[in-house]
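Here is a small set of exercises, each with a worked solution. Keep the viewer open while you go through them.

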Amino acid sequence: MFSWAALGAVVGVEQIIKAVNYLNIIADQWHLYLAFVFPTGNGIFQEDNGPCHKSRIVLEWFEEHTDEFHLMSWPPNSADLNPMELILYVMERQLKHHHVRISGLCMTAA
C-alpha cells in the first residue's frame, strides 16, 4: 500500500486471493493505514477490476465505509492508469536480477 503521503505495510499472501482473504486484508491492514494517513476521511482508494476486488462482500464493505473514503471507479483494461504497474515492473526486474522467482504478485494502492 502507498499514498502520496506515506508507505503502508506490505502484506505477503501465499495463496490465490479469494474475496474473503482480500476483505480481511482491507479490514485488518488497509483500513487502519487509511485512517492514519487521511484522518479527515477524504482518502481515495484505487484498485483494479480483479475478481476479489469486485466481489459482493468486498463491495458491500466499501459501501459501509463511504463516509471514510472514496472508492475510485476503474475502467476495464486500463493498466496504464495504475501506478502499481510501474512499481511491480521495477520489483520484478530487481528480483529477477537476484534470481528470485515470483508468481501472482498482487498489490493495492491507496
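**Exercise 1.** Which exposed residues does the face of helix 2 turned away from its buried side carry?

*Solution.* A word on the ground rules first. This is a predicted model, where local features need pLDDT of at least 70, side-chain atom pairs count only at pLDDT 80 or more, and totals for chains, interfaces and linings use all residues. Residues are numbered from 1 along each chain as its sequence is written, and side-chain values use heavy atoms, with hydrogens and water left out.

Step 1: find the helix. Helix 2 covers residues 56–64; helices (H or I, at least four residues) and strands (E, at least two) are DSSP runs, numbered from the N terminus.

Step 2: pick out the buried side. Val-58, Trp-61 and Phe-62 are buried here, where buried means under 20% relative accessible area, exposed over 50%, and partly exposed in between (1.4 Å probe, protein chains only). They sit on the same side of helix 2 because they cover an arc of only 100 degrees around the axis, taking directions from the helix axis to the C-beta atoms.

Step 3: flip to the other face. There you'll find Arg-56, Glu-63 and Glu-64, which are exposed.

**Exercise 2.** Work out what the buried residues of helix 2 pack against, and which core they join.

*Solution.* Step 1: list the partners. The buried residues of helix 2 pack against helix 1 (19–37), strand 1 (43–45) and strand 2 (69–71); contact means heavy atoms within 4.5 Å.

Step 2: look at the core. The largest nonpolar core has 15 residues, and Ile-26, Trp-30, Val-58, Trp-61, Phe-62 and Phe-69 have the most contacts inside it. Such a core is a set of buried Ala, Val, Leu, Ile, Met, Phe, Trp, Tyr and Cys residues joined through side-chain atoms within 4.5 Å.

Step 3: split it by element. Helix 1 and helix 2 are the elements giving two or more residues to this core, and helix 1 supplies the largest share, eight residues.

**Exercise 3.** How many salt bridges does the structure hold? Describe the geometry too.

*Solution.* Step 1: count. There is one salt bridge, meaning a side-chain nitrogen of Lys or Arg within 4 Å of a carboxyl oxygen of Asp or Glu.

Step 2: name the pair. Glu-60 bridges to Arg-56, with the closest N and O atoms 3.3 Å apart.

Step 3: check the spacing. Glu-60 and Arg-56 are four residues apart in helix 2, so about one helical turn separates them.

Step 4: check exposure. Glu-60 is partly exposed, at 38% relative accessible area, while Arg-56 counts as exposed at 58%.

**Exercise 4.** Track down the neighbours of Ile-17 and Asn-21.

*Solution.* Step 1: take Ile-17, in the segment before helix 1. Leaving aside neighbours within four places in sequence, Ile-17 is in contact with Tyr-22, Ile-25 and Cys-52. Its C-alpha is 9.1 Å from that of Pro-51, 34 residues apart along the chain.

Step 2: move to Asn-21, in helix 1. Asn-21 is partly exposed, with a relative accessible area of 25%. Asn-21 touches Gln-15 and Ile-16, not counting residues up to four places away in sequence. From Asn-21 to Cys-52 the C-alpha distance is 8.6 Å, with their positions 31 residues apart in sequence.
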